[in-house]
Protein chains: 2
Amino acid sequence: MPLDTVFAALGDPTRRAILAMLLEDDMAVTDVADPFEMSLAAISKHLQVLTAAGLVSQEKRGRVKWCKLEPDAMREASIWMQSFGQFEAVNLDDFERFLATELQDDASELSSD
Amino acid sequence: MPLDTVFAALGDPTRRAILAMLLEDDMAVTDVADPFEMSLAAISKHLQVLTAAGLVSQEKRGRVKWCKLEPDAMREASIWMQSFGQFEAVNLDDFERFLATELQDDASELSSD
DNA sequence: CCGATATTCAACCATTTGGTTGACGTTTGG
DNA sequence: CCAAACGTCAACCAAATGGTTGAATATCGG
C-alpha cells in the first residue's frame, strides 16, 4: 500500500528535513547530505526510502544525481488525514467510495505506468 | 517530535484500520481486535502506539477500556503535509462536495436516532 | 465466592531500521 | 591519463518493530 511507505517515510525527522530542503530547489545527493551530521551513505539510503515512497525522484546527469521533490505523492495521504482531522463522524462507506473514485482519477493520470 | 510518532503510527495498515473503525464509534479493546487475525495483545500494543501518538485516548470504565479517536492529533501533521502540496483544486472541490453531502446525510441520520 | 471476561505484562523471536565503514564503479577536470 | 569527486554497494551492528505465547490482574455476573 502506498500509504504505508509514504507515512513511514515521513516518520523520520531527517527525511522530513530533506523534503523541506527540496521544497526550495532540486539538489544533488552530496548537497542534500551536507547539513547533516551523518555519512553520505546514510543520506543516500534516506533518499532511497523517499524515492521508493514516490516523494522524491532522482535523475542522474553526468556524475551528479539530482533529487526532485514530488509533492503529489502526498496527495492520497493528505486526503486520508483530512477525512479524520477536519470532519468527525464522517460516514465511512461514503468516504471509501469517494476515495475509490479519487484514486481512479489518479490512476488514469498515471497511464504511463 | 510529535510528527515523528504521528507519522510513524500512521505507517502501519493495522493502525490505520483501527483509526477508521474508531471514526464510527468509540470501542472497547476487545471489539477493536475482533476483525483482525492477530492476537489481542498485538492489538493492545497497536493501541498503545496510537495512544502515545495522541491519536487515540483510552478511558477505563470497569473492566472495559474504551478507545476514542482523537483527530486533533493529526492537525499538525496534516498542516505539515499541506505546506508541500499545492494539491490540485480538483480533489479539494470534490472533497468539499463530498463533505456537503456527508453532512446532509449525518443531519438526516440524527433525526432518526 | 467463583468462574468468565477484559486487558495488560513479560519473555521471547524474527525482521526491519538507521546508522557505520571501506571498497567499488563512473564521470570529470587538469 | 590520473586523481579527485559523486554516489552506491556490501557487510556489519545496535536498536526498534511487530508479532507470538502464557501468566497475571482486575472486574463483572450469577
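**Exercise 1. Work out how chain A is built.**

*Solution.* Start at the N terminus: the elements of chain A follow the order α-α-β-α-α-β-β-α-α. Next, tally them by type, which gives six helices and three strands. Keep in mind as you work that this is a predicted model.

Now look at how the chain packs. Chain A has 113 residues, and 44% of them count as buried. Then turn to its contacts: among those between residues at least 6 apart in sequence, 50% join residues at least 24 apart. Finally, check the outside, where the accessible surface is about 6,200 Å² and carbon and sulfur atoms hold 50% of it.

**Exercise 2. Find which parts of the protein lie around DNA strand C.**

*Solution.* Begin with the residues. There are 21 around DNA strand C, and K45(A), H46(A), T30(B), S44(B) and K65(B) come nearest. On the DNA side, sugar and phosphate make up 66% of the strand C atoms that come within 4 Å of the protein.

Next, go up to the elements. At least two residues each come from α4 (40–52) of chain A and from α3 (29–33), α4 (40–52) and β3 (64–69) of chain B. The largest share, five residues, belongs to α4(B). Sorted by class, this surface has eight nonpolar, six polar and seven charged residues.

**Exercise 3. Decide which part of DNA strand C each of S39(A), V29(B) and K45(A) approaches.**

*Solution.* Take the phosphate first. The side chain of S39(A) has an N or O atom 2.7 Å from a phosphate oxygen. For V29(B), a backbone N or O atom lies 3.4 Å from a phosphate oxygen. Now try the bases: an N or O atom in the side chain of K45(A) is 2.4 Å from a base oxygen.

Key:
Residues numbered from 1 in each chain as written. Chains lettered and ligands numbered in written order. Predicted model: local features only at pLDDT ≥ 70, side-chain atom pairs only at ≥ 80, totals over all residues. Heavy atoms only, no water. Near = heavy atom within 4 Å. Polar contact = N/O pair within 3.5 Å; in protein donor to acceptor, adjacent residues only side chain to side chain. Helix = DSSP H or I, 4+ residues; strand = E, 2+ residues; numbered from the N terminus. Nonpolar A, V, L, I, M, F, W, Y, C, P; charged D, E, K, R; others polar. Buried < 20%, exposed > 50% of the residue type's maximum accessible area, 1.4 Å probe, protein only. Contact = heavy atoms within 4.5 Å. Areas by Shrake-Rupley, 256 points an atom, 1.4 Å probe, with all protein chains shown as cover.
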